[in-house]
Amino acid sequence: MELEKELLSLKNNAVSLILDAKTPEELEELKLQFVGRSGSLTKLLKELPKVPENERREIGQLANEVKTVIEEALERALEQTTKHRQAERLLTLKQQIDVTEPGNTPPLGHLHPVTEAIEEITEIFSHIGFTRVRYPEIEWDWYAFEALNFPKNHPARDDWETFFIREAPHATYGPMLLTPHTSSGQIREMLKAEMPIRMLNIAKTYRRQSDVSHVAMFHQFETLVVDEKISIADLKGTLDYFVKSYFGADRKTRIRPYHFQFTEPSFEVDITCGACLGKGRLPDGQECKLCKEGWLELGGAGMVHPNVLKNSGVDPDKYSGFASGFGVERVATVKNGLEDIRDIYSTRLSFLEQF
Amino acid sequence: MNIQILDSWLKEYLKTEAPAKKIAEALSLTSVSVERVEKWKNDHLYDIEITTNRPDLASVVGLAREAGAVLAEFDIKAEFIPPKLPLPQKPSGQKVPLTIINDSSLVNRITAVVLDVSVRKSPALIQDRLEATGIRSLNNIIDITNYVMRTIGHPTHVFDYDRLGGTSLKIRESKRGETIITLDGKQHSLPGGDIVAENENDEIVDLIGIMGLANSVVTDETKRIVFFIDNNEPHHIRKTSMALGIRTEAAQLNEKQIDPELALEALLYGISLYLEFADGKVVSDIIDIYPNQPKTKTVSVSEKQVQATIGAPVSLSEAAEILRRLGFPVGVSGEVLRAEVPSFRSADIGIPEDLIEEIARVYGYHNIPSRLPQATTLRAYNPEDSIFYWEKRAKEMLKYWGFTEVYTYSMVPEEIYEGRIESALALANPLSSDMAYMRRTLVPSLLAVMRENKQREDMRLFEIANIYEKQTGDLPRHLLRLGGLMAAPQINFQDGKGIIEQLARDFGIRQLQFVPLSAGGIGASVILEEQNCGNIEVFSDSVLDFELDFELLAKHATTRKAYQKVSKYPPIVEDIALKVPEDTSYEAIVSVIQRQSPLIRHLSLLDRYGDTRTFHLEYQSDEKNLTTEEVTAIREKIFQSLRSQLHIFPKK
């Protein structure tokens, strides 16, 4: 029974060493020492065949028990020491973290304020069924003026207001120019003859100008709705919807008489000023410098002129329509409080990175 | 154009108790935009924007008439009091001669008279009103011309009769190169085709409708004047005024086609002022040459049309009442209204829609309901087919990779135009040589932005915009391009290529190829299904740029995903290091490796160092767990093929 004693003493020895162990590494060592390939228990088990046959079964059982006990003890202790170690590590980590230090950020660039505005405008109008299009920037006079009911001698058609391209004029469509407004897209849209129309045309436009409120290249967004029974009421509703969506539910809209060649009646669209909230005076009693008597001009609109419908192959007796044309930069500056529209075309990164 | 008018002046012709603020608001909503009302001494000053179609409102009398018509809509009592225009007494004694020879293709109407006057300061009332309206007071003779213009709305002119060089004036078109000295002392060379008046000695004495000349201007010594009112053909005025850069108020009014009926009113009103404030005495006949009297026209509109356009139940009698107040004689029969257009609106009103505008604005746009257009036919919308969808997606992607978007001008200077300048699309009338040509590429503009920000070492820029390609006999092609620029102390080709590859991957494009630039430059052309899709160019160690055909990318982009079933069996993963001869391309190695077994499911370049390339491989089967023996066999096959085909050896 020599082996039995040795097994029991090995068990006691192993278990007490395991209980004393403090680290997972010590336990790994003990595992090797006792139950590893050349561990002491493994060695003892090799003695088993030498045991007389009548005792072998009993000893065998004992040996298995000892192995199980040691392995379980190892496993429990390993779990405990590992937990302990993790707790210690977390504690150190906690001491090392300065939550006020800046984070490691992924790269983040900037979209241009004009793009931001265009995306927002597109989304707002697509909600009420307008489809975005884009028509030529370099255009024939016919689409930019003639078909839009501009008289031959209209000032907008002269060299001081519109950029012309040094190319031969078209036999039918006249001189080549940089379109001064997205309204040329009205003609192209109607000529497609897909009724009814709910167009949102956003494109680059060009005028021969440069001052605080004008740049030579800018963007416009043009709506055009042509259908049976379209009235001023429909235009008012669409403008109200856009203004409340883009500028906020507290902003009011009004339309005033104005004059454009391609609409009749024509309107100027105003919204209440965001700085003085439509009062025309600031809380300190000072006159508001941003607006005119509480109102800001936003852009033009009107009912499509019957000559424009006719020129575009649309029957004015059956269809009517409205159109509006606003500057993208204009609405973006009004919304963001930029005072000089030329700022928006600054290519200084220190400016662009604020958007 | 904007004009400023004092409230007290307006109320000389408008009888009402309404305060200035109220009048301004009513006019803004229904007629003409009053941009501001300011306190002016004990008075109020209106600042009014006049639209080009309403020159009749650029006057105190015109505004009073309009205000009288619209204030009633706001339940405000108001009555228009027309100016009193007495006919002057016939001159007693010897009449002073004056002959005017007109050209009716240039001037519609001329009214004129000769007066004896004394030059002195204007009375305070005229001085104050002119000052408030933004016109400098000079002396009574000149001030009265301006005062009449502002009151009646027709520009007027005055000559010193004794400096005219004779007793007759002839209207003619100028010849190119004729020189004049305007009354401000500036010399101008005329472009030709300008309306001028010349005297008996063939000397030009007036630049008609725009500005008087130094040789005939009134001085302190003036004793006799010609008070002269010319109603001109507007396009001539516009052309001359713009070409010479003389933008006087007279020019701005005359180019808008002023009602010729006002020419006589202005004359009579002016005479009454000269009598009162300049010891004036009429010493000639009153001349009135009126070859182009406009015909009266009548416009009709039906109730149905009025209501359909306005979207509110405006009755025909309501409409007729509005038009009458605006000065239109109106007749109603059944469902149709017929309105006669008054002379002061004849240039502006011609079709039913014009009448509807008059009715609607006075009815009040604020009284019209607001509603969205009714739902219309459903049309399918698939984002995949919309270039705008892909544009937005690309822009956002680039933003999150640290790119900043710029907008640069489509017009570029010659220095950064790419291509032969002789065949460029050039502006005929550029504002400056900095914006003279329509660009053919985006990258030069991005490089210019980089130079502008030269204090930055690190930057990533992009722009999506059209470039323009000339076509004979048609509009140029507008090609949407994505341009990018990357600058950093150390940057290489792969940094740029990676951006394009990743963008293509997100677009669902798998067939992008990169081939070395054929002509000059370091970099590659990007090929998409055998079409050129742009290029990447290494500018220096620290700058690279790319420009891509965005329409082609969007055309091949898809929202559909190429999905493959994930194998149930785990992959076996390994890295292999290879010693690679200098001129062997990555692509050649990959194609040899990939050919060796369908079980190679993934292959990527892990590291590049000297002549060593480390590849990461994954072997995987859909049917079973692979054994070490099977993987070893494939690996041996790979090494053998690399050795025999490319002289590449595994690194020890």
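1. Let's begin with an exposed spot: B:Asp75 has 6 C-beta neighbours inside 10 Å, so this residue counts as exposed. B:Asp75 sits in the loop between α3 and β5 (78-80) of chain B. What caught my eye is the backbone: phi of B:Asp75 is positive, about 60°, although the residue is not a glycine. For background, most residues other than glycine have a negative phi. Keep in mind as you read on that this is a predicted model.

2. Chain B has another residue of this kind towards its end. B:His647 is not a glycine either, and its phi is positive, near 55°. You'll find B:His647 in the loop between α17 (628-646) and β33 (649-650) of chain B. Is B:His647 buried or exposed? With 11 other C-beta atoms within 10 Å, B:His647 is exposed; the cut-off for that label is 12 or fewer.

3. For a loop residue on the other side of that divide, look at B:Tyr417. This tyrosine belongs to the loop between β22 (411-412) and β23 (437-438) of chain B, yet B:Tyr417 counts as buried because 20 C-beta neighbours lie inside 10 Å. That number is right at the cut-off, since a residue needs 20 or more to be called buried. Which residues does B:Tyr417 contact, once its neighbours within four places in sequence are left aside? They are B:Val412, B:Ala424, B:Tyr437, B:Arg439 and B:Arg440. As for B:Glu249, that residue is 168 residues from B:Tyr417 in sequence, and the two C-alpha atoms are 42 Å apart in space.

4. Helix α5 of chain B, residues 140-152, is worth a click. From first C-alpha to last, its 13 residues reach 18 Å, close to the 18 Å expected at 1.5 Å a residue. How many of the residues of α5(B) are buried? The count is 13 of 13, so to speak a mostly covered helix. Straight after α5(B) comes B:Gly153, with a positive phi near 100°.

5. Now the domains of chain B. The assignment divides the chain into domain 1 (2-80), domain 2 (99-289), domain 3 (298-367), domain 4 (383-556) and domain 5 (572-650). Domains 1 and 3 of chain B have C-alpha centres 22 Å apart, and each of the two gives 11 residues to their contact. On the domain 1 side, α2 (20-30) and α3 (60-71) of chain B each supply at least two residues. The largest share of that side comes from α3(B), with three residues. Sorted by class, the domain 1 side has four nonpolar, three polar and four charged residues.

6. Between the chains, 70 residues of chain B are in contact with 70 residues of chain A. The chain B side of this interface divides into 33 nonpolar, 22 polar and 15 charged residues.

7. Chain A is divided into domain 1 (2-96) and domain 2 (113-352). How far apart are the centres of these domains of chain A? Taken over C-alpha atoms, the separation is 85 Å.

8. Helix α10 of chain A (residues 328-336) has these buried residues: A:Val328, A:Glu329, A:Arg330, A:Val331, A:Ala332 and A:Val334. Their cover includes helices α5 (113-126) and α8 (232-246), along with strands β4 (197-206), β5 (217-227), β8 (295-304) and β9 (320-327) of chain A. Just past α10(A), A:Gly337 takes a positive phi of about 70°.

9. The packing of α5(A) on α10(A) deserves its own point. The axes lie 9 Å apart, at an angle of about 100°. That angle makes α5(A) roughly perpendicular to α10(A), because 65 to 115 degrees counts as such. From α5(A), the contact uses A:Pro113, A:Val114, A:Ala117 and A:Ile118, and from α10(A) it uses A:Val328, A:Glu329, A:Val331, A:Ala332 and A:Asn336. By class, that contact has seven nonpolar, one polar and one charged residues.

10. Last, two peptide bonds in chain A to look at. In general, most peptide bonds are trans. A:Met195 and A:Pro196 are joined by a cis bond, with omega about -10°, and A:Pro196 lies in the loop between α7 (184-191) and β4 of chain A. A cis bond also joins A:Glu264 and A:Pro265, with omega about -5°. A:Pro265 is found in strand β7 of chain A, residues 263-272.

Terms used:
Residues numbered from 1 in each chain as written. Chains lettered and ligands numbered in written order. Predicted model: local features only at pLDDT ≥ 70, side-chain atom pairs only at ≥ 80, totals over all residues. Helix = DSSP H or I, 4+ residues; strand = E, 2+ residues; numbered from the N terminus. Contact = placed C-beta atoms within 7 Å. Nonpolar A, V, L, I, M, F, W, Y, C, P; charged D, E, K, R; others polar. Domains from an automatic or database assignment. Expected span 1.5 Å × (residues − 1). Axes fitted to C-alpha atoms, helices over the stretch in contact; angles between N-to-C directions. Parallel < 35°, antiparallel > 145°, perpendicular 65-115°, else oblique.
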